[in-house]
Amino acid sequence: MNKSLFHTLLILSMSLTLSAWMFGQTDLRFFNYQTNNGLLHDVNHALSMDDRGYLWMGSFEGVSRFDGTEFVHFTSEQGILNPDVRHLINTSIGLFVYSSDGLVYLLNKENELKSILNIPAQDHIEWAYHDNEMLVQFNAEFGGTEFWICPHDDSLQFNCMKGFLKKNSSGDLVVSSGIKKENLVNARLYHHEEKGIFLLTQKGLFHYEGDGFFKPVLSESLLKRRFFALGFDPDHSLWLVSNQGLVHVKDSVDLELYPMRLPDFQEGKLVFSGSGKLFLLNKNRGQFYRIDPQTGEQLDLQKELKMESLPKDILADPEGNVWVATEGAGVFCIYDSPFYNYSKSSGLENSFIFDLIQTDDKQLLAGTKNGLFKLENNVWKILEPDEYSENWNIWKFGKASNGYIYMVTNSGIYRYKEELELCVPSERISKEFQLDENDHLGVFRDGFVFAYGGCEPEPYFFTPIPELEGKKTISCMFEDQFGRLWMGTKNGVLRFLKWDPVLITTKEGLIDNRINAITQDSMMNMWIATEGGLSRRDTLGNYTHYTQKDGLLSNRCKNLLIDQKGSVWVATSRGLHYKKTTDNSFIPFNVQTGLVADDINRLFLDESNRLWVATSRGISVVPIDNVEQRQPPPKLHLLDIKLNQESVSASDLNRIPFDSKLLFNYSAITFSDSRDLIYAYQLNEKGSWQETKNRTLTLTDLRPDDYVFRLKAKKTSSDWSEVVEIPFSIRTAWYKSWWFISSLVLSFLLLSYGFMYTRFRLASQREMEKTKINKKIAELELTALQSQMNPHFLFNSMNAIQHFIMNRDVESANAHLSKFARLMRLFLESSKDRYISLQDEIELLRLYVEMEKLCYDDRFDYQIEIEEIMDLEDHEIPTMIIQPFVENAINHGLLNREEPGLLSIIVSLKNDRIICEVKDNGVGRAQASLIRQKTKKGHKPRGLEMTKDRIEVVNYIEDSDIKIAIEDLVNAQGEALGTEVLISFPAS
């Protein structure tokens with residue numbers, strides 16, 4: 001490299017360092033795995049990652065496999081005689097495990113452990129490589145200069161030779177290296193999937209050309225340096241660490257980026273994180289650094305991580321995380337974020353940030369719940385007005401063309417340039433305002449829009465907005481590129497054209513009426529953030545909506561920003577989202593990816609193209625050009641298949657029994673945030689994909705058919721993984737086989753004959769029973785009719801009418817004779833039918849009671865009450881069910897009283913049932929029985945008994961539910977007050 005060019009690049013690099021360090025520093029984020037969260041042992045010496053994506057950790061007690069969620073351990077119980085594991089080497093045939101006593105084990109892809117080799121304890125395995133059925137294993141003595149290459153046969157028996165091996169034209173293995181022996185001091189071998197094999201020594205860098213020889217890579221000017229470590233960045237460019245600094249080898253050009261000194265550095269390991277940070281482990285000193293290749297910033301990670309233990313190995317996973325194995329502090333996972341965060345430790349007295357803005361002199365201002373802050377030397381300092389309050393809320397900023405920063409607060413509207421000054425007092429402001437092209441302030445308050453000219457306390461113009469009458473605040477204001485004012489409310493968007501508002505709501509196409517933010521892109525599309533999602537309105541008024549189904553972490557969109565490339569940034573209550581212009585996909589960011597908090601209030605883009613994120617717990621800032629892209633999809637593995645609780649292979653799933661229980665156990669590997677994993681499965685091509693968070697799926701009750709179980713996985717920040725497919729088939733059920741069907745037909749014929757014969761006999765028996773029942777009904781109806789035609793009642797009625805005739809009371813005789821005739825006609829008509837309308841039944845009872853009252857010279861009175869809501873014609877009850885109870889109440893209850901009594905008949909409708917209450921204040925059933933025994937010895941009243949028999953038969957034949965309840969009414973002293981009968985019929 002040209003010396004003047006080198007100095008120019010060095011000066012440029014240092015200037016970039018200062019600028020980026022002031023504003024672009026990133027936070028260091030990590031998680032420490034120890035025994036209390038699943039790690040096998042806190043002493044770990046080795047890390048490795050296999051081609052399936054699993055992370056392996058070699059500890060003092062064995063080997064652990066980790067998929068981001070679960071640990072699987074291999075210890076002495078699985079056959080590792082000395083579980084003190086010092087090195088792990090991944091190859092295409094499995095994982096080589098090297099213990100401290102020199103034993104080498106092979107853990108193959110089926111997790112079977114085999115002891116294959118015993119290497120002297122002083123040797124040190126550096127690297128293993130499997131190519132064309134040859135295991136190439138490099139061992140180096142500590143401080144030595146020689147390498148070993150060991151071919152193997154199918155039995156994994158090794159025959160090691162000093163030197164490098166190659167095949168000659170005859171296929172024989174011969175010793176050859178192409179490197180002078182003096183150049184092999186502290187040599188280390190590296191393998192890259194695309195670049196091939198590299199050999200790094202203190203004398204330079206060599207690349208294996210595939211013919212058994214290594215070719216020098218570096219120029220003569222760099223060979224004077226000592227090299228300690230080699231690594232590849234995310235772009236597959238090669239980086240070297242030398243005793244004088246970093247060397248970047250790209251397209252055969254050597255480019256030194258930043259000089260540095262690493263004392264006593266003899267052996268090292270170099271990896272890159274996903275964000276391009278270089279992590280360097282100095283093994284012989286136990287030093288661990290993070291270096292920014294762009295700035296040269298060097299961070300001592302032992303201090304930052306507070307390890308209190310020596311780091312022993314490092315590794316970078318495909319997601320960009322860096323893993324560190326330590327000798328006593330467990331294993332660290334470092335995920336350095338592109339975001340740099342500010343909180344109370346950065347000088348903010350209150351970390352709830354409402355808004356951010358930049359002054360003309362590049363100063364950053366933050367509006368918080370506790371005042372105005374300015375960023376000076378990477379520390380936030382408060383700016384206090386003359387009358388400062390501890391609860392001074394700075395809600396929103398606006399920048400005028402003359403450089404003044406306006407801010408709306410709970411104490412009024414202020415402006416700031418060199419000092420703070422109050423413009424509009426607090427009683428005349430709201431949380432939202434808008435600066436127009438003439439630096440005039442538009443403020444909405446109490447249904448009016450007020451216009452202020454600069455820092456003037458009184459408005460020069462105001463106008464009412466009838467559509468917002470009664471509303472004290474609005475959610476946002478925005479002036480588009482055509483000079484139209486847009487207002488967001490909780491009831492939609494108001495768009496103004498010459499103060500003529502048009503209300504836009506969900507009826508016009510919005511996804512939700514609760515508006516939080518409005519902005520416009522360079523294509524004149526309007527973007528509207530709502531409580532229910534994100535809406536884009538094109539110039540023709542067509543809407544496109546984005547919700548959680550499209551990748552948003554939350555539908556509650558709070559703020560929007562369009563960057564210089566036209567990309568849309570969406571702030572929600574659960575994180576930040578970046579939507580590229582090339583497609584509709586969203587890249588999400590939240591606490592797990594580096595944000596200081598998920599709940600975002602405002603977004604701001606400064607003049608250096610850095611995005612500032614105001615949250616409820618501080619500020620995050622990131623150069624938008626450095627924002628990481630979508631993460632790779634997780635690697636998906638089917639761990640186990642169980643058929644009826646027995647583990648089987650995929651080949652065993654052909655024609656499984658129809659009633660089988662099939663279980664799939666699977667895992668997707670991710671180390672960033674395993675809680676973010678989503679699985680989806682499908683049973684056939686036409687079926688829909690079903691999403692789940694579970695790592696196990698159980699299938700039962702599937703009909704006989706051929707199936708293909710398809711499974712995929714993703715994270716919120718990645719695409720779907722490749723689909724895993726497992727075909728299986730369920731054989732026809734035994735009851736569909738020919739022999740079973742034939743047997744079934746024969747059995748059916750036999751059973752049909754038996755069934756028909758039995759049914760015939762049962763039908764005959766039932767017909768006989770029915771005949772008996774009908775006969776009993778006829779007898780009961782006849783008996784009931786006869787009992788209703790009580791001779792005493794007829795005789796007494798006729799005597800009463802005769803009495804009127806003898807006394808020549810023709811009018812009374814005619815009236816009672818008409819009632820008697822009406823009663824007899826109803827008796828006779830009702831006896832023909834089983835049911836009678838409730839209207840006729842009440843009429844019959846009224847006539848009967850009046851005739852009984854006539855016969856006994858008004859020795860009792862009566863009342864009949866009908867519930868008003870009832871339509872008596874719409875309901876029918878069995879004939880003459882109530883009359884026997886009325887007759888019993890008169891003859892045995894009321895007529896035995898010395899004084900006139902009262903009979904009550906109440907009919908009501910409750911819970912779809914007709915309730916008839918027959919109540920008297922007679923002598924009671926007990927006293928009536930005594931009187932009957934004295935006056936009518938041997939006589940047993942049969943009316944009630946026959947009525948109960950009728951009710952039982954009706955309930956049986958008609959499948960009805962008629963109920964009777966009889967209660968003796970007594971006072972507190974136990975004296976009889978009468979009898980109450982409740983008869984309940986189903987309403988019909």
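**Strands 34 and 35.** I began with the pairing of strand 34 (residues 371-376) and strand 35. The two run antiparallel, and five bridges join them. I then looked up Phe-373 and found its bridge partner in strand 35, Ile-382. I keep in mind that this is a predicted model.

**The sheet around them.** Next I traced the strand order, which reads 32-33-34-35. This is an open sheet of four strands with antiparallel pairing. I noted strand 32 (353-358) and strand 35 (379-383) as the edge strands, each pairing on one side only. I took down the twist as well: from one strand to the next it averages 30°.

**A second open sheet.** I moved on to the sheet with the order 63-62-65-66. Four strands form it, again open, and the pairing is antiparallel. Why does one side of strand 63 and of strand 66 lack a neighbour in the sheet? Strand 63 (690-692) and strand 66 (724-730) stand at the edges with a single partner strand each, so one side of each is left without a neighbour. Here I noted an average twist of 25° from one strand to the next.

**Strands 65 and 66.** I checked how strand 65 (residues 705-714) is joined to strand 66, and I found seven bridges in an antiparallel run. For Asp-706, I recorded Ser-729 in strand 66 as the bridge partner.

**Surface charge.** Last, I looked for charge on the surface. I found a patch of negative charge where Asp-840, Asp-871, Glu-873 and Asp-874 gather. I placed one of these residues, Asp-874, in the loop between strand 68 (860-866) and strand 69 (876-878).

Definitions and conventions. Residues numbered from 1 in each chain as written. Predicted model: local features only at pLDDT ≥ 70, side-chain atom pairs only at ≥ 80, totals over all residues. Heavy atoms only, no water. Patch = residues over 30% accessible without salt bridge, like charges linked within 9 Å, V, L, I, M, F, W, Y side chains within 5 Å. Areas by Shrake-Rupley, 256 points an atom, 1.4 Å probe, with all protein chains shown as cover. Salt bridge = Lys/Arg side-chain N within 4 Å of Asp/Glu carboxyl O. Lys, Arg positive; Asp, Glu negative; His and termini not counted. Charge placed at Lys NZ, Arg CZ, Asp CG, Glu CD. Pairing = 2+ DSSP bridges. Axes fitted to C-alpha atoms, helices over the stretch in contact; angles between N-to-C directions.
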